[in-house]
Amino acid sequence: MLDEKMNWFSVSKINTFNSCSMKYKFNYIDKIKKKTSFALVRGSVVHKIIQKHILEYFESGVLIETISPLEVAKEFILEIINRVIYDFKSEGDYSDYSFKKAFNLIVENDLQENYRSIKAEMKEEIKNHFKTYESFFTQIALAIPETFEKLINLITSQGFSKIYSETKLISHVRKYGLRGYLDLSAYDAQTNKALIIEMKTSKQTSNKIKENNINQILFYKNLYRKNFKNVDLKYFIVYIAILKTKININIFDASDVENENYSEELSKNLSSINNAVKHNLYSRKYDQHCSYCDFKEKCFKKRTEENKNLDEVG
């Protein structure tokens, strides 16, 4: 068993540091709270519904031909409330009771009414985004069965009859702990064959494996092989593009995406992160992503203070 006090790293933490070490500091060291991202909510809802029904299919053998928009709406609003609750929890504004009460009011009664008992912050957050995504529920409900069919065909074509979701993998590189969760995975102990399926949602169609997903692919492969020696591993990445009038699903075989130097590069990467944290050495990486950063206001404020201090010293 690995030491829980060990410094743990996920691929998200590593990617954050590589994209901007100052963002890493704000997120993982200072632990500055971020606002609820609806791109994350949307992706999470699609993931959960797909995972739920894929697992049910391999248990029962019954393929779901239709999904109710109400099911999508319930998952969507549950996810919203979960995240809004989390956003305000540190201030003591919401309790488990208020969460349950709000959820029951919304999904068990009329989805667009009965907001009176919900505090103002939660009420506006939900109402604003509900209107934005109202047609999204039906859109997702119509598109998900096609995703099921493609994924089931993929899984069975690889010779697997059972699938798991959110499989947790842990390992370590020297003094650094590594962990990750797989969207869908399968393993056959008799043949030592394995399958990993990762899903990505976005607003744009992908015609090839995205460059910013390469490190995740290599990270999970490395982690899986540390747990299962000499495994025959197949890896697929599924891009689910949620467009205005339809959803596009593209599946790419990432089994051949390899880097023989990855373990060494990962070790150096983890050392760099540890060194930055130890000596408080962080830098900003200015690019087109700054305008979308959760910490842009904090970053601008900090930069202004630093410039002021430099002026005073000068």
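Is the crossing of α1 and α7 left-handed or right-handed? Select both helices in this predicted model: the crossing of α1 and α7 is right-handed.

With α1 and α7 still selected, look along their axes, which lie 10 Å apart and make an angle of about 140°. That angle makes α1 oblique to α7, because only angles over 145 degrees count as roughly antiparallel. Next, show side chains at the contact: α1 supplies Val 11, Ile 14 and Asn 15, while α7 supplies Asn 215, Gln 216, Phe 219 and Tyr 220. By type, the residues of this contact are 4 nonpolar, 3 polar and no charged.

Now select Phe 219. Beyond its neighbours within four places in sequence, Phe 219 contacts Phe 9, Ser 10, Val 11, Ile 14, Leu 178, Arg 179, Tyr 262 and Leu 266.

Widen the selection to the largest nonpolar core, which has 39 residues. Phe 219 is among those with the most contacts inside this core, as are Phe 9, Leu 178, Ile 209, Tyr 224, Leu 266 and Leu 270. Elements giving two or more residues to the core include α1, α2, β3 and α8; α7 gives the most, with 6 residues. A second, separate core has 35 residues, including Ile 50, Ala 73, Phe 136 and Ala 141.

Finish at Asn 27, in helix α2 (residues 21-29). Asn 27 counts as buried because its relative accessibility is 16%, against a cut-off of 20%. Outside its neighbours within four places in sequence, Asn 27 touches Ile 32, Lys 34 and Phe 295. For a distance check, pick the C-alpha atoms of Asn 27 and Lys 13: the two residues are 14 apart along the chain, and these atoms are separated by 9.1 Å.

Methods. Residues are numbered from 1 along each chain as its sequence is written. This is a predicted model: local features need pLDDT of at least 70, side-chain atom pairs count only at pLDDT 80 or more; totals for chains, interfaces and linings use all residues. Side-chain values use heavy atoms; hydrogens and water are left out. Helices (H or I, at least four residues) and strands (E, at least two) are DSSP runs, numbered from the N terminus. Buried means under 20% relative accessible area, exposed over 50%, partly exposed in between (1.4 Å probe, protein chains only). Contact means heavy atoms within 4.5 Å. A nonpolar core is a set of buried Ala, Val, Leu, Ile, Met, Phe, Trp, Tyr and Cys residues joined through side-chain atoms within 4.5 Å. Axes are lines fitted to C-alpha atoms, for helices over the stretch in contact, and angles run from 0 to 180 degrees between N-to-C directions. Angles under 35 degrees count as roughly parallel, over 145 as roughly antiparallel, 65 to 115 as roughly perpendicular and the rest as oblique. A crossing is left-handed if the near helix is turned anticlockwise from the far one by less than a right angle, and right-handed if clockwise. Ala, Val, Leu, Ile, Met, Phe, Trp, Tyr, Cys and Pro count as nonpolar, Asp, Glu, Lys and Arg as charged, and the others, Gly among them, as polar.
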